[in-house]
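Me: I am new to this structure and would like to learn how to read it. Please take the features in turn, with the general idea before the case.

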Amino acid sequence: MPLNVLIVEDEALLAMDLESIVEDVGHRVVASAVCLREVQDLPDSIEPSLAFVDMHLAEGSTGLEVSAHIKAHWPDAIIVFVTANVRKIPEGFAGAHGVVAKPFSRAGMITAMRYLEEGILDPPPVSPEPSSFHASPAFAATWAEH
């Protein structure tokens with residue numbers, strides 16, 4: 001079963017690369033946005049199961065704001081920050097489920113997506129957490145309970 005993925009990234013080439021990776025592993029991109037305003041304009045009906053969110057976005061918006069909006073509108077969505085500024089993520093990950101550090105390799109992102117796919121579709125994941133993905137402590141604990 002393919003995942004519905006939302007991509008929130010203001011660097012066009014990186015957004016296209018993420019979209020290509022998502023589709024190459026058999027999932028579908030239901031929407032993409034470059035800022036909080038564009039995410040707010042999305043219809044609730046897109047129902048993303050996974051969202052990749054950059055921390056620094058267009059129009060001065062942040063991944064933290066986008067994460068809050070996603071949690072309010074699609075509470076079941078798994079939110080993964082994709083950022084070069086990992087240290088800017090609050091200790092509790094601001095409700096996000098994990099992070100992939102930029103720059104990422106295509107292979108690293110594919111491995112992270114496969115791990116997330118396992119955990120979303122049939123938790124907990126059977127594979128070990130890949131080095132390309134770091135789960136938030138709270139999220140890792142939910143999978144440890146299974």
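Reply: Begin with the elements: helices (H or I, at least four residues) and strands (E, at least two) are DSSP runs, numbered from the N terminus. This is a predicted model, in which local features need pLDDT of at least 70 and side-chain atom pairs count only at pLDDT 80 or more, while totals for chains, interfaces and linings use all residues. Residues are numbered from 1 along each chain as its sequence is written, and side-chain values use heavy atoms, with hydrogens and water left out.

Me: Where is A112 found, and is A112 buried or exposed?

Reply: Buried means under 20% relative accessible area, exposed over 50%, and partly exposed in between (1.4 Å probe, protein chains only). A112 is found in helix α4 and is buried, with a relative accessible area of 0%.

Me: What does A112 touch, not counting residues up to four places away in sequence?

Reply: Contact means heavy atoms within 4.5 Å. With residues up to four places away in sequence left out, A112 touches V100, P130, S132 and F133.

Me: How are the strands of the sheet ordered?

Reply: Two strands pair if DSSP finds at least two bridges between them. Here six strands form an open sheet with mixed pairing, in the order β2-β1-β3-β4-β5-β6. Its edge strands are β2 and β6, each of which pairs on one side only.

Me: Which strands show the mixed pairing?

Reply: β4 and β5 (residues 98–101) run parallel and are joined by four bridges; V82 has V100 as its bridge partner in β5. β5 and β6 (residues 134–135) pair in the antiparallel sense over two bridges. In β6, H134 stands opposite V99, and A135 stands opposite G98.

Me: How should I read a helix such as α1?

Reply: Start with length: the expected span of a helix is 1.5 Å times one less than its number of residues. α1 has 13 residues and reaches 18 Å from its first C-alpha to its last, close to the 18 Å expected at 1.5 Å a residue. Next, look at its sides. The buried residues of α1 are L14, A15, L18, I21 and V22. They cover an arc of only 125 degrees around the axis, so they lie on the same side of α1; the arc is that of the directions from the helix axis to the C-beta atoms. The exposed residues A12, L13 and M16 are on the face turned away from that buried side.

Me: Which elements do the buried residues of α1 pack against, and what follows α1?

Reply: They pack against β1, β2 (28–33), β3 and α4. G26 follows α1, and its phi is positive, near 95 degrees.

Me: What is in the largest nonpolar core?

Reply: In soluble globular proteins, nonpolar side chains tend to be buried together. A nonpolar core is a set of buried Ala, Val, Leu, Ile, Met, Phe, Trp, Tyr and Cys residues joined through side-chain atoms within 4.5 Å. The largest one has 25 residues, of which L50, F52, M109 and L116 touch the most other members. Two or more residues come from each of β1 (4–8), α1 (12–24), β3, β4 (78–83), α4 (106–121) and α5 (137–144). A second, separate core of 22 residues includes L6, V8, L42 and A96.

Me: Where is S61 placed?

Reply: S61 is in the loop between β3 (50–53) and α3 (63–73), and S61 is buried, with a relative accessible area of 7%.
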